Structures are given as C-alpha cells and as structure tokens.
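Here is a short briefing for a reader who has not met this structure before. Please look at the sequence and the model first.

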Protein chains: 2
Amino acid sequence: MAEDSRILAGKRTTIYDIARLAETSASAVSSVLNGSWQKRRISKRLAAKITEIAEREGYSANAQASLLRRARSNIVGMIVPKYDNRYFGSIAEQFEAISRARGLFPVVTCTQREPALEVEAAKELISFQAECLIATGATDPDHLTALCEAAGVLSINLDLPGNAAVSVISDNYGGARELTALILDRCREIGYEGALHFVGGRPSDHNTAVRLRGFLDVHHARGIAVPEDHVLVPGYSADRAEQAMKSLSPRDAMGIFVNSTISLEGVVRWSQGLNDAARQRLRYGCFDYDPFAALLPSNVGMVQQNISKMLETAFDIMDTRRHPSEPILVPCVLRPC
Amino acid sequence: MAEDSRILAGKRTTIYDIARLAETSASAVSSVLNGSWQKRRISKRLAAKITEIAEREGYSANAQASLLRRARSNIVGMIVPKYDNRYFGSIAEQFEAISRARGLFPVVTCTQREPALEVEAAKELISFQAECLIATGATDPDHLTALCEAAGVLSINLDLPGNAAVSVISDNYGGARELTALILDRCREIGYEGALHFVGGRPSDHNTAVRLRGFLDVHHARGIAVPEDHVLVPGYSADRAEQAMKSLSPRDAMGIFVNSTISLEGVVRWSQGLNDAARQRLRYGCFDYDPFAALLPSNVGMVQQNISKMLETAFDIMDTRRHPSEPILVPCVLRPC
DNA sequence: CTGAAAGCGCTAACAC
DNA sequence: GTGTTAGCGCTTTCAG
C-alpha cells in the first residue's frame, strides 16, 4: 500500500498528495480541510471527496507550515512553578480548559521555581509564536515581561505581581485577615487567647509579606501583641517548617497560621510527634486549599484561592488588551473545616 | 527606533533583518544563531557580531519556520487525564524535566478523562509533529495508537495498558497484595480478623480489576472469605465512595482497601461522621500516594507508584524503539504510615 | 570562510 | 467554483 511505504520512508501525506488523489488542486484541499471552504464556495461534492480521501489516508495537517503562513497562531502559553500541588495543578487544568473552549491552543510548562528555566521556557514559548504568556508564581516576572515585550507578546502575571505587566493576584491581605480571625476564634474554644504563630514562606516573598501584614493587623486590632519569635519564615519546604516547629520551646496550647500547604506538611509531621494532650490543644489553619489537609483533625480552616475568577480575569485582559497598572485583586474563599 | 516600529507593526525581527544589519547573509546568521556555525567554520569575529546584534534586537527564532525545514522536531507529547492530583501532577512534572534534560521539547496536555478530548489532543500533538506520544491513563489507548501509527509517531501507554502499543504500567497486582496484607495485619491490632472492604474504581477498569484480584488472592491465601457486598466499585469519585460507605450497615470494627486517592476523600469524609469509638476501630490503606492523606490518623499505609522508573522505562523505549508486546510491569513501593 | 538559492507544507490573493 | 502563484522564515546543499 502507498501509505505503508510513506510511513517507512517517514514522509507524511501532504495536501499535494491528497490533491493528486482527488484530482484537484492543493488550495482546494487546503480550504476544505481547514474549514474555510464555504467562503471559497467549493462544491459540496468536491469537499466530501477530499474529506473522504484525507480520512482514508490518515492525513494530518502540518501545524508548523500552517502557522508559518497564518497571521495568528492561537497559541497561548503558561508557566507554572510546579504541578504536584493542588493549587498550581488546578490553575494549569483550568487554563487548558478555558483556552480550548475559546479555540486557542494552550501550552503550559512547569519551571520548578528555577529562574533560568523560567527564562528558557518563556523564550521557547515566544519562539513558538505564542500570542500571550501567563506567568504564574514566577520568581522574576519583570524579566519575562521584558522578553515578551521585545517580541510583541502580551504578558500577564498571575498569583504573583510584577511591575512591568498586568497582574492578577489573590487578595492575600484580606484572606490572611479572615484566616487569622478564624484561628483566633477557634483557639478560644481550647482556652488559648494568646498570639498565633505564623509559619512558612520567605520574608522577601511578596505574598508572604502581604499575608504577614494581615496576620499582624488582626492581632493588633484585637490588642494581642505578637512576639517576634512567633513569626517563622524559613522558606517553602516541609522540612524547614518541621525544623522550625521543633526548635520552639514546648507550649501547652497554641494556634498556627500556616503559610502554604507545603509548609503545612511539615507542621503536621511535627504535630504527630506531640503527645495526645498537646495535640488536643493545638489548632491551625492554612493559606491554600488541599482536600486531604482539610480533613486533618486540628485544622480549623483553609483559604482557597479563586482560580476560576483569576483566570477569567486574565482572559478578559487578553480580549480587551486593557492594561490597568495596579494589580487586580481577586478575593479568596475561607473554608472553615 | 526601527525596532519600535516593528513591534507596532506586529512584525518580528528575522534572520534577514539581522543579516542586513550585520552586513552578511541570512545563512550565516542562521548557522551562528542555531549553533551549527563551528561546522561551517564561520569566523569568531562574524559570529560575535551577529550574536551581539541579535541580542540587541531581541531576536527570537521562529520555531515554526525552523521546524518546517528540519528533519526532526524534538517535540515529545504527553496526555494526562488530570493535573490536580499528586500522581498525574508528578508524572507531568517529571516528564517535562526528563525531556528537557534530553534536549527535547515536552508538550503535555490534560484531557479530563474525556475520550473526545483525548482524540483531539492526540491529533493536535501529531499535527505539531511530535515524535512520540505518551498516553497516560487514557480511556481508549488503542485508538490513540492507531492515530499515531498513521502518522509514523511512536506511541507509548503509561499507567494503563493498551493492546496496540508498548505499555509501561505499575505492578498493580503485587502492590495490591502488599497493601492488603498490611491492612489485614494492622486490623489484628484492633482485634479485627475478618475480610476487608474494597472501595473505589470501576469493575470494567483494568487497574481496578487487577488490584481486586490481588486483594482477593491474599484473603484466600489466609483463609478469609470475602462476602460479595465487601466489594464496592461505584466509580472514581469522592461522592460515590462516600455514598457507598454510608449505605453499609454499621460495624463495630472494619478495615478498608481504598482504590485511589479520589475515593479516599469520600471514605475519610464518611469516617468523620462516625462516633469516636467506631473511628478508633477503623483502619484503611490506599492504592496511590498523597502526602496529606498519609498523615490521616486511621491510615495504615499507601502504595506509591514508581513514577521515575516508569518514565525512565518509557524514554528507554523511545531511544531503542524496542517494542515488547507484553506490558512492562514496574513494582510499586508500599509506604506504611 | 561565506553567500545564493531551493524548498519544507501551507494559505491567501488573484485570475479564470 | 476552482487553479495558479507567491511567499511565510528558516536550513542546507552547493558554489565559490
């Protein structure tokens, strides 16, 4: 069979092959196969014949050739730091779903929080003619924006704000206030009225700084002083958080504001080393949502970021090319456990 | 400035623009910018000049044009059903990392367990000239393989076996045996010696069927009869699992083999409705790993699938194009909690 | 060491 | 209604 030899030779069927088989021209084949044939008023008969042959031959258009010729690529790119966490996983998943629903081709790539990889990935996406790049939780969003700008690619920051492009981020301050208030309230139930601990994140990190501000403001409003050693910001890692907790002198009761699920892992591991009595008198809440973490016994609540809303906003910006200079804040949802 | 007008016009710098600025030819620019200039013995001076100008102009190669001309694309595609779960998240993440380390360009896309989306995504990847498509947990892997075959694209099944292409899957039988044995042993500690319940999955699903066989075989080997109503396979959803558990008549002690973390969510929700005494006399284990689920009080162990090993094997197949007809089994790791 | 030229597969004027 | 033709931006012989 003709196809077999093509496969062995590594050559794929082209519109010229189909044109020959259908005894017509390449342009007719092209317009039929890409749906623009109504505009060209090609006969239904020819269209059917071409479609049938293409099907039979297992034809697949060469996207590279098509994209090279077309004006728009319809490719939208996204960079996320990690997939293996519910927050970024959902972002990637929803981004793909929305893109497809709009007839766009999503390509998302994860960059492991490595600045060099972020830059490399952004360059690749630009090279692939992406029309827009959404950078999620990037370490240096402004650098990525600069690359995009040089290529005329729209860039949008999600989750973490930048100065050079539109940013759509969670209302970290509001979310942190709500969570702090909830944990304080629930600590009263175990008879603890003192300051909470704040655990996880880096002080230099924007989101951590804003959440910490919310945390402190609520304490202040309630007239509770927060000792300096209640703020533990050793970075984003379960081990670091666990170590930080272990380094604390034992308390008979306490409440913890955990900054991110990754830190929560460390806190929970630490809490499992506690005796029953101490664990009974422990309450924590976490900024970020994870369905299993929500089922943990001492967990009083989690802050869920509104991913759909953030993405919707980002796509709105793509459509309108409206560029507000202030970050757009999207409220979070507090989910008491 | 020239660049500014280009940006406004939406036209990007090409090798011809650079050639003009560097007073040389497009072919020289091309070879310098894609690294093949040593082979062409281009002077260091010219190379430096070209690089410098390209940098200044913010040049970015058009991947479509380059790919159209080249023999190989270096694109490798992957389809996963979901990102928002630790297992598939890790698969996607590690796939990207390994691909990059090998100089390949990974494109992964998630298909929501929708057969139509799987087909569409596969066609897109083929159209983008992917050299290989790894289908993870596909609902109809053989269909995807057929599409790949027609285009001369290597196809590999991961996690779920197919008949038409090489399959790399977890040793579900062995893993299920180990987990069953562990749960039975730990149930003795609470004085329960009866049959476990098996919860989650669909009976028609390959992995569920194999795991169930391991579950039953261990019971049989220990001389424990498994009543039919101990097998609850209402599909993959937390709600279904929760309903299934609620429909059971109350027991004073029980052990559960939970099939997948999504079902575990339902089981844990159900268990939270139990009184303290009943919860004390409950033990479960789960096939699939999640770090928070591992911290749940009644959880005695989780089966972690060996993702690195599976991917390594898949890439080996890509390299050697060796096509064993039997699925390749990769052992799981039992992680007692 | 370097440049000219052909062509990858497809699209979109334009011609008939 | 349909075919011809001129590129899209790049890589790669082949000549010098």
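The points below cover the protein surface at DNA strand C and then the relation of the two protein chains.

This is a predicted model, in which local features need pLDDT of at least 70, side-chain atom pairs count only at pLDDT 80 or more, and totals for chains, interfaces and linings use all residues. Residues are numbered from 1 along each chain as its sequence is written, chains are lettered from A in the order in which they are written, and side-chain values use heavy atoms without hydrogens and water.

**Surface near DNA strand C**

- DNA strand C is surrounded by 25 residues, where near means that a heavy atom of the residue lies within 4 Å of the strand.
- Among the closest are A:Ser30, A:Tyr59 and B:Thr24.
- Sugar or phosphate accounts for 54% of the strand's atoms within 4 Å of the protein, and bases for the rest.

**Individual atom pairs**

- A polar side-chain atom of B:Arg69 lies 3.1 Å from a base nitrogen of DNA strand C.
- Phosphate oxygens of DNA strand C lie 3.2 Å from a polar side-chain atom of B:Ser25 and 3.4 Å from one of A:Ser66.

**Relation of the two chains**

- A turn of 180° with a shift of 0.0 Å along the axis lays chain B on chain A with an RMSD of 0.1 Å, superposed by least squares on C-alpha atoms of residues with pLDDT of at least 70 in both.
- That is the relation of a two-fold axis.
- The C-alpha of B:Gln64 is 2.4 Å from the rotation axis, the closest approach of any residue of chain B.

Notes: Polar contact = N/O pair within 3.5 Å; in protein donor to acceptor, adjacent residues only side chain to side chain.
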